[in-house]
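Visitor: I'm new to this one. Could you show it to me and explain the labels as we go?

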Amino acid sequence: MDDLAEKVSMLPLEFQATALKWLGSYPSENTKDAYLRSLQKVLRFFCEKLNRSDLNLLAMITPPLVTEMQEHLAQNGSSENTILAATAALRSFARAVYLRNPSINLTGLIMLRTPAMKPRPYHMRVIRERLKEHIEADRELNRARSRSEWIVLRNEAICNLFADTGAKSAQVVALDYPSAIQARSTGMITFPGTKERTLPLSRETLVALDLYVASCEFPFDERSPLFFDHKGDRLSAGMASSCVGDISQRLGSGHSMTPLGIRRNRIVEMFEVEHLPETIIAERLGIRSVATISEILSDAGCYDRFRNEP
């Protein structure tokens with residue numbers, strides 16, 4: 001028995017085969033473990049609440065019961081993010097069960113729309129408000145920056161790119177130096193790929209890119225990457241993700257920021273602030289499934305706030 005199968009064996013018997021296939025579709029071991037922990041919590045609650053442990057249990061779960069489950073987790077010390085993750089895992093697992101067992105009516109659970117415990121903060125707001133002060137204070141010292149300081153500027157530029165564009169780490173590190181030239185002249189940046197995406201950048205991001213390029217200790221040319229690592233090679237996607245954590249720690253934001261978290265918050269901002277429909281958001285961010293956008297907006301409570309607007 002492999003490690004995943006052994007972990008899944010802790011679930012009720014009828015859920016194990018579907019859970020094994022469902023979790024096996026995720027490449028990251030951390031993602032598998034997180035989803036499994038969330039699923040164990042919700043199934044434990046509903047099995048005890050409804051006194052059954054078969055697949056038809058899922059058909060009996062109603063929105064009020066989900067709310068009760070969330071309250072139960074909160075009372076037992078779970079954080080708001082943990083509760084949201086547990087709810088999302090339940091909904092995602094219900095989809096997997098329905099695909100294997102279409103005779104079970106899981107429409108209500110699959111289409112479940114539950115608000116977040118409270119609106120999530122926009123990470124990019126934290127970055128931009130603090131970054132502006134940092135840039136203004138350090139502008140005159142730009143020429144005297146040390147090696148470690150150009151790396152700090154690189155990290156700030158990367159974080160702001162994430163915040164403006166909702167790009168993935170692999171897309172950001174794939175940018176070449178001509179992208180910075182384009183951004184300086186047009187205020188736009190183009191991400192390469194099978195379908196190129198050209199997106200606008202904020203003033204803060206343009207300033208952050210200029211400061212990084214001016215201070216970088218490695219020379220640029222038309223074939224060089226935009227973002228270097230400390231050895232002068234193209235920055236890896238993993239290191240780009242680490243840049244976000246570095247800036248989060250420096251700013252003392254109180255948030256554990258990740259590229260995925262910033263991407264999700266960019267989706268929320270496009271929906272609530274820019275009032276863009278889900279189809280346009282998906283197109284701009286290069287996301288194939290509009291359902292993915294809808295799930296993220298639902299988790300953040302956007303639909304509930306939208307319905308409650310006067």
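Guide: Happy to. This is a predicted model, and we can start with His275, which has a relative accessibility of 60%.

Visitor: What makes His275 count as exposed?

Guide: Exposed means over 50%, and His275 comes to 60%, so it counts as exposed. You'll find His275 in the loop between α13 (259-272) and α14 (278-285). Its phi is positive, about 55°, although His275 is not a glycine.

Visitor: Now to Asn51. Is Asn51 buried or exposed, and how do you know?

Guide: Exposed: the relative accessible area of Asn51 is 70%, and the cut-off is over 50%. Asn51 sits in the loop between α3 (29-50) and α4 (63-75). Its phi is positive too, near 55°, in a residue other than glycine.

Visitor: On to the rings. How many aromatic pairs are there?

Guide: The count comes to 11 aromatic pairs.

Visitor: Why is the pair of Phe45 and Phe46 called edge-to-face?

Guide: Planes over 60 degrees apart count as edge-to-face. The planes of Phe45 and Phe46 are at 80°, with the ring centres 5.1 Å apart, so the name fits. Both Phe45 and Phe46 are buried.

Visitor: And why is the pair of Phe218 and Phe228 called tilted?

Guide: Their planes are at 40°, which is neither under 30 degrees for stacked nor over 60 for edge-to-face, so tilted is what remains. Their centres are 5.5 Å apart.

Visitor: What makes Phe218 buried?

Guide: Buried means under 20%, and Phe218 has a relative accessible area of 19%, so it is buried. Phe228, at 4%, is buried as well.

Methods: Residues are numbered from 1 along each chain as its sequence is written. This is a predicted model: local features need pLDDT of at least 70, side-chain atom pairs count only at pLDDT 80 or more; totals for chains, interfaces and linings use all residues. Side-chain values use heavy atoms; hydrogens and water are left out. Rings of Phe, Tyr and Trp (its six-membered ring) pair if their centres lie within 6.5 Å; planes under 30 degrees apart count as stacked, over 60 as edge-to-face and the rest as tilted. Buried means under 20% relative accessible area, exposed over 50%, partly exposed in between (1.4 Å probe, protein chains only). Helices (H or I, at least four residues) and strands (E, at least two) are DSSP runs, numbered from the N terminus.
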